[in-house]
Amino acid sequence: MAVLKVEGLEKSFGKTQVLRGIGFALEKGEVLSIIGSSGSGKTTLLRCLNFLETADRGRIEVNGETLFDAGQNAGSAADIRRKRLHFGLVFQSFNLFPQYTALENVTLAMDLHTKEAAKQEKRRASKAELQANRARAKELLARVGLENKMDHYPCQLSGGQQQRVAIARALALEPDILCFDEPTSALDPELTGEVLRVIRELKNASTTMIVVTHEMEFARNVSDRVIFMADGVIEEQGTPEEVFGAPKSAKTRAFLQAGQEM
Amino acid sequence: MSFWEVNRQLLDGFGDTCLLFFATLVFSLPLGLVVCFGSMSRFAPLRWLTRTFVWIIRGTPLMLQVIIVFYVPGLAFGIPLDARMPAVIVAFVINYAAYFSEIYRGGIQSIPKGQKEAGQVLGMTDSQIFFKVTLLQVVKRVLAPMSNEIITLVKDTSLARVIAVVELTKSAQDIVAQWGLLWPLFYTGVFYLAFCGILTLLFGAAEKKLAYFGG
């Protein structure tokens, strides 16, 4: 069964229609790359999935549960918060919390959720629970290759390291689907490799991922499926071989051509 | 009047200066946050009401506000005019809350939107995001303008003398009037300087303490 099902998603900002009926499905463990030129609606799509924007029309379904239906009431703030946790999002500009160390960035939300759960059972979170969070955060930071940087503040880390902390932070809450919004676009070329390597390793661990990217090589080699977006619609989708090897749409061909000439 | 007697009398006045200073801070720092939230409210009437309030408070002299708070209740409702210090404190608290609210607003609005969004996608509530993510960053950013404003407050306390609160400057003026000595008036500058000097050091230390993180 599909982990994620998106149907007829539409979104306008003022008079500009950014998404014009987006629909796709994603299987568990699949990696989906979304490519397309700037302004094609890729980022808006990710933001709708993460409830940072509210789509005007359409449905979003995760594991058979309808998370979003434009025809229905979105539910309370608490509902939206709970629904958000199905998705993780790694931002283009990292957005780490500057006043916390790498480790604290990863544990912050975990601890808040632990405390909230404890409060609902009318007790306080135990030391052991918080200790477990720390252990898990350390494990995640080690997984992204930062076991030596746990106590560093974001300002002491390179862009690539910051982005890897951000990935660990997103993984900490065990989202069903991890989304990346151009994860390497703010990085110097020599730093993109370390981030892409981490994403590749996540794929090997069967993490379900949606990656909005301009890294064509990466999209081609790592993803199971590729979506090419243009002007707010899915112009073409398929396996990387299909989209990159034998693009059907003229727009796709033009886009890929332009990329090669750069 | 000896040097020590002058000092004693000035210290009496300085006590009232300190009372006014600390009372203003204690009430206006949190009240400023309330005003700030009002001025950023999504509910337009509240936003305009708050901004009009800030405009009026910042657009008229503090001295006039002190006079109004002290005299108007008496003139309008026949309340006897004897609560001088409370009237000054009320006027100062309102005035400084208006200024602080604008500093807070600038600080809060300067935090990148991505910080809030990062908290949101991690399933944090708005209040968790404010207290755990935004607040310390805002504190760091507003420290310099706040130190400016708070140092101004030290010297603004001398306005309380318009309704005969005997703070530092007024107590020196009393000495001038009663004893014909002029130097105690100039000498009050030493008290103000020392007070502001200590505040400058405190703010410097706070800035240093928050220097560990960027942004």
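Buried means under 20% relative accessible area, exposed over 50% and partly exposed in between, with a 1.4 Å probe and protein chains only. Keep that at hand for the exercises below. The model is a predicted one, so local features need pLDDT of at least 70 and side-chain atom pairs count only at pLDDT 80 or more, while totals for chains, interfaces and linings use all residues. Residues are numbered from 1 along each chain as its sequence is written, chains are lettered from A and ligands numbered from 1 in the order in which they are written, and side-chain values use heavy atoms, leaving out hydrogens and water.

**Exercise 1. Decide whether helix H5 of chain B is mostly covered or mostly open, and find what covers its buried residues.**

Step 1. Locate the helix: H5(B) spans residues 113-121. Helices (H or I, at least four residues) and strands (E, at least two) are DSSP runs, numbered from the N terminus.

Step 2. Count the buried residues: 7 of the 9 in H5(B) qualify, which leaves the helix mostly covered. Among them are Gly114(B), Glu117(B) and Val121(B).

Step 3. Look for the cover. From chain A it includes H1, helix H2 (77-84), strand E6 (87-90) and helix H5 (159-171), and from chain B helix H6 (126-156). Contact here means heavy atoms within 4.5 Å.

Step 4. Check what comes next: just after H5(B), Gly123(B) has a positive phi of about 75°.

**Exercise 2. Work out the strand order of the open sheet in chain A, and place a helix on it.**

Step 1. Read the order. The 4 strands run E2-E1-E4-E5 with antiparallel pairing. Two strands pair if DSSP finds at least two bridges between them.

Step 2. Find the edges: E2 (16-27) and E5 (65-69) of chain A each pair on one side only. From one strand to the next, the twist averages 15°.

Step 3. Add the helix. H1(A), residues 42-49, packs on the sheet and touches E1, E2 and E4 (57-62), with its direction at about 115° to that of E1(A). Axes are lines fitted to C-alpha atoms, for helices over the stretch in contact, and angles run from 0 to 180 degrees between N-to-C directions.

Step 4. Follow E1(A), residues 2-13, to E2(A): the two pair antiparallel over 9 bridges. Lys11(A) has Leu19(A) as its bridge partner, and Ala2(A) faces Glu27(A). Their hairpin has 2 residues between the strands, and Gly14(A) takes a positive phi near 60° there.

Step 5. Turn to E4(A), which is joined to E1(A) by 5 bridges, again antiparallel. Here Glu10(A) stands opposite Arg57(A).

**Exercise 3. Describe chain B as a whole, then find a nonpolar patch on its surface.**

Step 1. List the elements: chain B has 8 helices and 0 strands.

Step 2. Gauge the extent. Its C-alpha atoms fill a box of roughly 70 × 45 × 20 Å along the principal axes, and 45% of its 215 residues count as buried.

Step 3. Find the patch: Phe3(B), Trp4(B), Leu182(B), Trp183(B) and Phe186(B) together have about 610 Å² of accessible area. Helices H1 (3-39) and H8 (183-209) of chain B each give two or more residues to this patch.

Step 4. Test one member. Phe3(B), in helix H1 of chain B, is partly exposed because its relative accessible area is 39%.

Conventions
Patches are made of residues with over 30% relative accessible area and no salt bridge: like charges are joined within 9 Å, nonpolar side chains (Val, Leu, Ile, Met, Phe, Trp, Tyr) within 5 Å. Accessible areas come from the Shrake-Rupley method with a 1.4 Å probe; for residues, only the protein chains shown count as cover. A salt bridge is a side-chain nitrogen of Lys or Arg within 4 Å of a carboxyl oxygen of Asp or Glu.
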